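Thanks for making the time this morning. I would like to walk through one structure with you, chain by chain, and then stop at a few individual residues.

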Amino acid sequence: MGARSRLLAKLKAGEDIPGTGITLRRAPEQLELERRRPLSYYRRVLYFCGKCGQCRYVYQDAYWSRVCPSGELRKFEAYYLGGKNLLLWGLLSGKLEWTSKAAEILYHCTLCGNCVQQCQLPEIHNYALEWLHAARVEVVNRGLGPMPEHRRFGEWVRREHNPYMEPHSARLSWLGEKPKGKGEVTYFVGCTSSYRELEVAKAVVSLLKSSGVKFTLLEDEWCCGSPLYWTGQVDVVEELARHNARELEKTEAAVAVTSCAGCYRMLKQIYPEVYGVELSMEVLHISELLLKLVREGALQPERELSWAVTYHDPCHLGRHTGVYEAPRQLIGSIRGLELREMLRNRRNAWCCGAGAGVKSAFKQLASYAASERIREAEETGAQVLLTACPFCEMNLREAAEKAGSKIRVLDITQALSYSIKASRSEASQH
Amino acid sequence: MWLEVRRELERVVGSEYVSSDPEVTFLYHWDFVTAEEPGVCDIVVMPGSTREVQEVVRLANKWRIPVVPWVSGVNIGGLATPRRGGIVVDLRRMNRILEVNEDDMYAVVEGGTTWGDLKGHLERHHPDLRPGVPWAPAGAGVVPCYLCYGFTDLSFMAGTGADFLNGLEVVLPTGEVVRTGSCMCTSYWHSRAPLPDLTGLFVGWDGATGIVTKAGVKLWPNLPTEYLILLADTVRDGVEAFKRVARKCTGILDMCFVNYTWLMSLLGYHEKEEDPLDPEEAGVQDFYGLIAVAASSEREMEAKKEAIEEAAGTGVLADLEAVMELFPEEARPQGYALVNPPIHFYNCWNYSYGGGGEWVGCYLSSRHVASYYRIAVSVAKKYGRHAQMYGRVMSGGHHWIARVNISFNKDDPSDIEAARRCLMEIDEKVRQLPSVVRYKAPSWAKERNFSRASPDSLELIKRVRRLLDPNGVMNPGHGL
């Protein structure tokens, strides 16, 4: 539409907020606030919100699609960002009392940040995720949270270092022979791949072996702390961070890599920024490392898979840490894969619905969000839905199965692994 | 009683769509921009169909409790605030676009449809058509905007939102369902003519005469559009230039302007002491007009632009992109967004850091726009406030909109009070201009609006309302 198209293209060309994947069209004279502060610190800014409802829609893109799983399921304003902002203002101003209902509303959210991405009020856009998290800490401090399911897995993490009610001793039961000695790369497996999505862990190990990279695993890996941190159970996270950091440093690797988006965010962002736990090694998501290995020729995904695929951006990897392109480039490196983007992708990606304690405490929300994503993936005509996080993969796969969808849900490492394995086996046949 | 009411409402819409939890109802008490006095929402219900709305209204009559229609509650005058408590009927589940008739260029939408819903649907499925959209956020409602004479980016061409309505489906305050316009007697929603215009019973009544569950809304061809900026030293000079353009040029979709202060707030700057309270007096260029012009071909566009330039006379004309280049990079995006509403105009309400703002907005003759502005600036100056002015030429120039916004910190009672005094004085003084009629007026301005109306006219309004709502349940405290 002539000038309109040109102007909108300029509007959309924003800049990333450093340290996040959230993109803001910068605004003059926005307030600079501190991050990781208690809820009360943000009181004034909470009330800047006019509850205008922009947080319910993609702004100026993707046909103004809806973005908030929590709000779209429950419908009441309280479940959208605007409602939460003003609810928190009401609580902090003494206009409302802290109650278990307030706690339920505040926990009924995956903290995916899509709403935050869409709000153009700079102070909310920049900092809302800070207070949404601080609110959970406040709820815990007031004895109204976390939700019972969160408390249960929190206690288990303290005891057995994983949130899946599994024995710590079984963490590496999926692994045949543990790599010996030290490596250039340390694979931080994460709880979901260790106990639930074993195929992801196996694919990663297989790929690392195929690449010839010398790699190792932690001698004693504990939960990264992500499920506790995002449910406001922050008291134990520092201990987990320090333990894992010690274990990582023991490996003397140059790179720590993880296949879990949640672990990645913890190691990369939360450990240093919140707990001052700086790692001496580079932290990479597996998609970043594998892309590097493919480009260097250490991995050659040569077998044509002939799949139409679509890609789901995990929130921890995309909006929260800014890794959007490495997974896509990795998909592009696999012969025969045709990537068909979903309408809501990258910074506008609809959340899978699993994170921040939702899958355990709000099963209906987790299932609703994932089934909505499956429906969107199906619209692309893709046969395979790829993602880059075992927790997303698990929730999306369950939803696909429940819906009787023909779409197959896989982790990106599994697709690459098929391609490599196939090419090797083909090579051996020739 | 409320327990019983709740049970009955749950039976109608399902328990998941009824709430009387304070954490939920709290969000319906306020208009969270104007800081107008809060009301009380005793219970909120979200119906999913016209039949459910009917049931809810019948229950309200049975219990003789107020029923308040609601979509997003952001219409800036506290118009959706439940003034006498009762049941808030939140229509957000009724947000479907039921039909788009490409031949006759209209859409049939449900009463809870938002700008995001409608714009998104058309962009995706009917890109050759477009609605008229206000400078409102995506979450605001289409139908309430049109019912309240909202104005849009097509208002120069096509008038107020009310002119965009082809017909309505309404649940009356007594629970019956009526249809107005062509949909009353055909399956088409193409016009209000040539029937008795019952639509008027629901337009401009502030939701006090029924709950609109469906509306036929006009759409227009989505033609290539160019955006020109007309700059003038003063609002008076700019208004005269706009009048010349309006008389001589065709193909214009929209003509609107802001003053220096609104421009600054729009672009993301905040109020500072050194900013002039009277930009014109300080010698700052004070008129920034936007002209949107559509054409089917480049040749046609060039001819139209040439005609506009000639008609503008002394006004300086430039294209929007070029003007935006004059501003720092971080200030441009809001300018770019102007061309594709809905828009998140965050800074109009946050100019003084605090998220509060309220306006004195009027429909008026072009003769009084400049005087209106001078009055507003002089009063605001007396209070040490910056007057943000915005205006629009409506219906090909047959009348205008003028609006002055005063920002404040809504978390500071003394600031709210000071801003309110300023707004009230502006309201009182601009009302002396002979053509001024307030629109979307908050409760304190409502009665004043009718101070010069004839008693017979007022009595007719009251009689109509009593006829439609004998039990007085529909949105009491709003309307006249």
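In chain B, the secondary structure comes to 15 helices and 19 strands, and I should say at once that what you are looking at is a predicted model. Taken along the principal axes, the C-alpha atoms of chain B fill a box of roughly 65 × 55 × 45 Å. For its 480 residues a compact globule would be expected to have a radius of gyration near 23 Å, and the 22 Å of chain B agrees with that. Buried residues make up 65% of chain B, and among its contacts with a separation of 6 or more, 72% are between residues 24 or more positions apart. The accessible surface of chain B is about 17000 Å², with 51% of that belonging to carbon and sulfur atoms. As for charge, chain B carries 50 positive and 63 negative side chains, and the centres of these two sets lie 6 Å apart.

Turning to chain A, we have 19 helices and ten strands, in a C-alpha trace that spans about 75 × 60 × 45 Å along its principal axes. The radius of gyration here is 21 Å, which agrees with the value near 22 Å that a compact globule of 430 residues would have. In chain A, 66% of the residues count as buried, and residues 24 or more positions apart account for 77% of the contacts with a separation of 6 or more. Chain A exposes about 15000 Å², of which carbon and sulfur atoms supply 48%. It has 58 positive and 50 negative side chains, with the centres of the two sets 4 Å apart.

Let me move to the interior. In soluble globular proteins, nonpolar side chains tend to be buried together. Which residues touch the most other members of the largest nonpolar core? In this core of 183 residues they are Leu88(A), Trp131(A), Tyr187(A), Leu386(A), Leu9(B) and Ile87(B), so the list draws on both chains. Helix H7 of chain A, residues 122-141, gives the largest share of this core, with nine residues. If we leave aside neighbours within four places in sequence, Trp131(A) is in contact with a set of residues that includes Leu39(A), Tyr42(A), Val45(A), Leu46(A) and Leu88(A), and also Asn85(A) and Glu123(A). There is, in addition, a second, separate core of 84 residues, and among its members are Val33(B), Trp115(B), Cys145(B) and Trp349(B).

Next, two loop residues in chain A. Thr251(A) is placed in the loop between helix H12 (237-250) and strand E5 (255-258). Is Thr251(A) buried or exposed? With a relative accessible area of 7%, Thr251(A) is buried, and, beyond its neighbours within four places in sequence, it is in contact with Lys182(A), Gly183(A), Thr186(A), Thr216(A), Leu217(A) and Met281(A). Lys178(A), by contrast, is partly exposed, at a relative accessible area of 30%, and is found in the loop between helix H8 (148-160) and strand E3 (185-188) of chain A. Not counting residues up to four places away in sequence, Lys178(A) touches Leu172(A), Leu217(A), Leu218(A) and Glu219(A). From Lys178(A) to Leu289(A) the distance is 20 Å, C-alpha to C-alpha, with their positions 111 residues apart in sequence.

Finally, some backbone details that you may wish to look at yourselves. Where are the cis peptide bonds that I want to point out? One runs from Gly145(A) to Pro146(A), with omega near 5°, and Pro146(A) is in the loop between H7 and H8 of chain A. Another runs from Ala193(B) to Pro194(B), with omega near 0°, and Pro194(B) has its place in the loop between strand E9 (177-181) and strand E10 (211-218) of chain B.

Then there are positive phi values. Leu111(A) has a phi of about 55° although it is not a glycine; this residue lies in the loop between helix H5 (100-107) and helix H6 (114-118) of chain A, and it is buried, at 7% relative accessible area. Lys440(B), likewise not a glycine, has a positive phi of about 45°, and is found in the loop between strand E19 (437-438) and helix H14 (443-449) of chain B. At 18% relative accessibility Lys440(B) counts as buried, because the cut-off is under 20%.

Note on methods
Residues numbered from 1 in each chain as written. Chains lettered and ligands numbered in written order. Predicted model: local features only at pLDDT ≥ 70, side-chain atom pairs only at ≥ 80, totals over all residues. Heavy atoms only, no water. Helix = DSSP H or I, 4+ residues; strand = E, 2+ residues; numbered from the N terminus. Rg over C-alpha atoms; globule rule 2.2 N^0.38 Å. Buried < 20%, exposed > 50% of the residue type's maximum accessible area, 1.4 Å probe, protein only. Contact = heavy atoms within 4.5 Å. Areas by Shrake-Rupley, 256 points an atom, 1.4 Å probe, with all protein chains shown as cover. Lys, Arg positive; Asp, Glu negative; His and termini not counted. Charge placed at Lys NZ, Arg CZ, Asp CG, Glu CD. Core = buried A, V, L, I, M, F, W, Y, C linked by side-chain atoms within 4.5 Å.
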